[in-house]
Amino acid sequence: MTEPAKGPASYFPSIEKKYGRPIAEWKDLVRCSPLTKHMELVSWLKTEHGMGHGHANALVTHTLAEDNAK
């Protein structure tokens, strides 16, 4: 049995359900944005895509961490 997701990834199922796009698509949007700073990206997701702060923050945190690990 797999363990439930922890940290920012624990928000992913509710993000997909609420906003109707797969996480991979959201990550692509974040990566393609001309913005690079964490809070700029969070604000952009909130204003342009109607995302709540917690969801936007989790998505940006996870995406930037993934990119920094490469």
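This passage walks through how the helices of the model pack together, starting from helix 4. The model is predicted, and everything below should be read with that in mind.

Helix 4 covers residues 53-69. How far apart should the ends of a helix with 17 residues be, at 1.5 Å a residue? The expected span is 24 Å, and the end C-alpha atoms of helix 4 do sit 24 Å apart, so the two values agree. The buried residues of this helix are H55, A56, A58, L59, V60 and T63. An α-helix has 3.6 residues a turn, so residues three or four places apart point the same way. As for what the buried residues of helix 4 pack against, there are three partners: helix 1 (12-19), helix 2 (23-32) and helix 3 (38-49).

Two packed helices are described by the angle between their axes and the distance between the axes. For helix 1 and helix 4, the angle is about 120 degrees and the axes are 10 Å apart. An angle over 115 degrees but not over 145 falls outside the perpendicular and antiparallel ranges, and helix 1 and helix 4 are therefore oblique to each other. The crossing of helix 1 past helix 4 is left-handed. On the helix 1 side, the contact is made by F12, S14, I15, K18 and Y19, while helix 4 brings in H55, L59 and H62. Sorted by class, that contact of helix 1 with helix 4 holds four nonpolar residues, three polar ones and one charged one.

Next comes helix 3. Its axis and that of helix 4 come within 9 Å and cross at roughly 135 degrees, and the pair is therefore oblique. Is the crossing of helix 3 past helix 4 left-handed or right-handed? Helix 3 passes helix 4 in a right-handed crossing, whereas helix 1 passes helix 4 in a left-handed one. From helix 3, the residues involved are H38, M39, L41, V42, L45 and K46, and they meet H53, A56, N57, L59, V60, T61 and L64 of helix 4. The class breakdown for this contact of helix 3 with helix 4 is eight nonpolar, four polar and one charged. L59 turns up here, and L59 also takes part in the contact with helix 1.

Two residues of helix 4 are worth a look of their own. T63, which is found in helix 4, has a relative accessible area of 0% and is therefore buried. Setting aside neighbours within four places in sequence, T63 is in contact with K27, V30 and R31. L64 is also in helix 4, but its relative accessible area is 22%, so L64 counts as partly exposed. Not counting residues up to four places away in sequence, L64 touches H38 and L41. L64 and S10 are separated by 54 residues in sequence, and their C-alpha atoms are 16 Å apart in space.

Helix 1 and helix 2 also pack against each other. Their axes come within 9 Å and cross at roughly 85 degrees, and the two helices are therefore roughly perpendicular to each other. Here F12, I15, E16 and Y19 of helix 1 meet I23, W26 and K27 of helix 2. By class, the residues of this contact of helix 1 with helix 2 split into five nonpolar, no polar and two charged. K27 is a residue with two roles in this account: it belongs to the contact of helix 2 with helix 1, and K27 is also in contact with T63.

Last, a loop residue. K37 lies in the loop between helix 2 and helix 3. With 55% relative accessibility, K37 counts as exposed. K37 and G50 are 13 residues apart in sequence, with a C-alpha to C-alpha distance of 19 Å.

Methods. Residues are numbered from 1 along each chain as its sequence is written. This is a predicted model: local features need pLDDT of at least 70, side-chain atom pairs count only at pLDDT 80 or more; totals for chains, interfaces and linings use all residues. Side-chain values use heavy atoms; hydrogens and water are left out. Helices (H or I, at least four residues) and strands (E, at least two) are DSSP runs, numbered from the N terminus. The expected span of a helix is 1.5 Å times one less than its number of residues. Buried means under 20% relative accessible area, exposed over 50%, partly exposed in between (1.4 Å probe, protein chains only). Contact means heavy atoms within 4.5 Å. Axes are lines fitted to C-alpha atoms, for helices over the stretch in contact, and angles run from 0 to 180 degrees between N-to-C directions. Angles under 35 degrees count as roughly parallel, over 145 as roughly antiparallel, 65 to 115 as roughly perpendicular and the rest as oblique. A crossing is left-handed if the near helix is turned anticlockwise from the far one by less than a right angle, and right-handed if clockwise. Ala, Val, Leu, Ile, Met, Phe, Trp, Tyr, Cys and Pro count as nonpolar, Asp, Glu, Lys and Arg as charged, and the others, Gly among them, as polar.
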